[in-house]
Every structure is written in C-alpha cells, then in structure tokens.
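Please look through the sequence and the structure shown here before reading the report. The sections after them are written for a careful first reading.

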Amino acid sequence: MQIVALKLVTIIAEAVLNDRLIRELKGMGAKGYTITQVRGEGSRGVRASDWEGQNVKIETLVSAVVADNILQHLADHYFTLYAVVAYVQTVEVVRGDKYT
Amino acid sequence: MQIVALKLVTIIAEAVLNDRLIRELKGMGAKGYTITQVRGEGSRGVRASDWEGQNVKIETLVSAVVADNILQHLADHYFTLYAVVAYVQTVEVVRGDKYT
Amino acid sequence: MQIVALKLVTIIAEAVLNDRLIRELKGMGAKGYTITQVRGEGSRGVRASDWEGQNVKIETLVSAVVADNILQHLADHYFTLYAVVAYVQTVEVVRGDKYT
C-alpha cells in the first residue's frame with residue numbers, strides 16, 4: 001500500500017460560482033472534486049454587508065504545485081470581488097498517482 | 001499572495017444545538033462559519049444509548065488562541081451533557097487577516 | 001483539557017456502498033462516524049468513463065493503527081473495483097479516549 005502526501009484544497013463560495021470554479025479547477029489540473037451544499041456566514045469580498053445563505057464547498061485533491069496555482073488564481077480573480085474562502089491541508093492518500 | 005497558517009475548528013453536534021453554538025462561536029471571536037447537514041452515529045455524552053440522526057457540522061477558521069478558547073468552552077459546557085465532537089486542524093489560508 | 005492527536009479518515013464513495021462501508025468501519029474499530037451527502041466527479045476504479053453523481057463522504061476519528069487498517073482494507077477490497085477516494089489527516093481532539 002503506497003501512501004502519498006497530497007494537498008486537499010477546499011473552496012467555499014456562493015453556489016452561483018460553482019460551475020465556473022469547477023471548470024477553472026479542471027483547467028488547472030484537478031482530476032476530480034467533491035461538492036457539498038453548505039450554509040455560511042462571513043465578512044469577505046466587496047459586499048458591504050455580511051452574507052448568509054446557500055454556498056458550495058468544493059474539495060479537490062491535487063499536487064502541491066496545482067494547489068499553489070489554484071490559490072493564486074483565486075487571489076487574482078475572486079478575493080476582491082466575491083465572498084470566497086479557500087484553504088489547503090496536507091493529507092495522506094493511497095494511490096496518489098490517480099490525482100496528479 | 002500571502003499564506004497564513006490558521007486553525008480550522010470542526011464541531012459536530014445535534015442540529016438543535018446549532019444556533020446556540022453559532023452565537024457562542026461569534027462571541028469568542030469567530031468571524032465566519034460554514035454549516036453542513038450531516039448524519040452521524042457515536043457513543044458520547046450523557047445519552048446511555050448511541051445516537052443516530054440529524055446533526056450539523058460547523059466549521060470555522062480562527063486563530064490558535066480562539067481555537068483553544070472554543071475547545072475549552074466545549075469541554076466546560078458541552079462534553080458531559082451533549083453528544084458533541086470537536087477537532088482542530090492547521091490549514092494554510094490566503095488573506096488570513098480576514099479571519100482574526 | 002486533554003488534547004490528543006487522532007487520525008481523521010475520510011472516504012468518498014458511491015452512495016450504494018454506504019451501509020457496507022459503515023459496517024466494515026465498525027468491524028475495524030471505528031466508534032463513530034459522520035456521513036455527508038456530496039456530489040462528485042473523478043476518474044478512478046474500473047469504470048471506463050468518469051463518474052458523476054450522488055456520493056457519500058464518510059468521516060471517522062480513529063487511532064493511527066485503525067486508520068492504517070482502514071486504508072489497507074480499502075486498498076485490498078475497493079480500489080480496483082469501485083470509485084472510492086480515501087485520505088487521512090491528523091487532527092487534535094479533546095477527550096481522545098472516546099474514539100479509541
């Protein structure tokens with residue numbers, strides 16, 4: 001059993017951004033993803049008021065390089081305009097070659 | 001792109017505790033949170049029998065100090081009375097100043 | 001407040017595998033679990049085409065030994081036949097004795 005360290009990238013965004021984000025993640029090299037319907041509240045993005053409502057949590061297992069590219073992409077194109085949260089964790093995966 | 005290490009606190013509890021927990025998290029300094037409807041089973045709290053049913057998973061990104069305060073609060077006020085699970089992970093976040 | 005490091009094992013699988021996986025996790029020593037309905041897409045397992053549809057995310061807090069056993073079990077019995085993703089993270093838990 002081969003264990004490999006990969007990056008789990010988690011993105012929380014308004015549901016309306018889901019399809020666009022998935023398309024962009026694939027374009028940056030993500031081989032798969034998981035989407036969870038969530039509710040949230042926060043104070044991020046250009047909205048003057050806090051937002052509260054239906055969001056999606058998108059999770060994808062990728063290499064460290066792809067994880068960095070995703071964070072940079074979100075920082076460049078989303079964080080000043082949208083209420084998007086993103087964070088990265090290191091996880092241990094079996095059969096890591098399936099994800100990179 | 002500035003990457004900051006923050007704490008992701010995850011709390012799993014009966015759905016009836018959701019609003020109270022959110023209010024308390026905000027009072028301890030959490031700036032945002034994500035709620036997921038989940039199902040679970042476990043053997044925790046005062047219930048003699050295992051519980052199985054509708055729960056919520058509450059996740060919040062906070063500083064290490066706030067994470068410690070949340071865990072201590074849960075230990076003091078919940079763990080002997082309610083079926084509550086809580087754990088903390090270190091995650092890498094872009095724009096960490098939004099959360100502390 | 002006693003903090004213990006435990007393993008959070010996450011399994012993402014087709015919903016039809018949920019009950020079987022839960023039964024097997026319990027048999028390997030998992031004391032509790034959380035199930036989330038998710039959607040996903042990936043290219044894993046024997047299916048020639050990508051799969052997209054209703055999945056479950058199963059999460060369980062266990063000891064390092066049980067986590068290894070779970071991954072080995074999945075590698076032996078699932079990964080060549082089913083579209084199953086599994087990964088492990090180290091988390092800090094209060095009252096860790098409840099889980100092992």
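The report below goes from the basis of the model to its helices, its copies and its strands.

## Basis of the model

This is a predicted model, in which local features need pLDDT of at least 70 and side-chain atom pairs count only at pLDDT 80 or more, while totals for chains, interfaces and linings use all residues. Residues are numbered from 1 along each chain as its sequence is written, chains are lettered from A and ligands numbered from 1 in the order in which they are written, and side-chain values use heavy atoms, with hydrogens and water left out.

## Two helices

Helix 1 of chain A covers residues 18–27, and its buried residues are A:N18, A:L21, A:I22 and A:L25. (Helices are DSSP runs of H or I with at least four residues, strands are runs of E with at least two, and both are numbered from the N terminus; buried means under 20% relative accessible area, exposed over 50% and partly exposed in between, with a 1.4 Å probe and protein chains only.) These buried residues lie on the same side of helix 1 of chain A, because they cover an arc of only 100° around the axis, the arc being that of the directions from the helix axis to the C-beta atoms. On the other side of this helix, A:D19, A:R23 and A:G27 are exposed. After helix 1 of chain A comes A:G29, which has a positive phi, near 115°.

In chain C, helix 2 (residues 64–77) has buried residues at C:V66, C:A67, C:I70, C:L71, C:H73 and C:L74. Their arc around the axis is only 160°, which puts them on the same side of helix 2 of chain C.

## Copies around an axis

A turn of 120° with a shift of 0.0 Å along the axis lays chain A on chain B with an RMSD of 0.0 Å, where copies are superposed by least squares on the C-alpha atoms of residues with pLDDT of at least 70 in both. The two copies are thus related as by a three-fold rotation axis. Within chain A, the residue that comes closest to the rotation axis is A:T36, at 4.5 Å (C-alpha).

## Strand 4 and its partners

Strand 4 of chain B (residues 85–94) is mostly covered, with eight of its ten residues buried. Strand 1 of chain B (residues 3–14) pairs with this strand in the antiparallel sense over ten bridges, and B:A5 has B:E92 as its bridge partner there; two strands pair if DSSP finds at least two bridges between them.

Strand 4 of chain B is also joined by two bridges to strand 4 of chain A, in an antiparallel arrangement, where A:Y87 has B:V93 as its bridge partner. With strand 4 of chain C, strand 4 of chain B pairs in the antiparallel sense over two bridges, and the bridge partner of B:V88 is C:E92.
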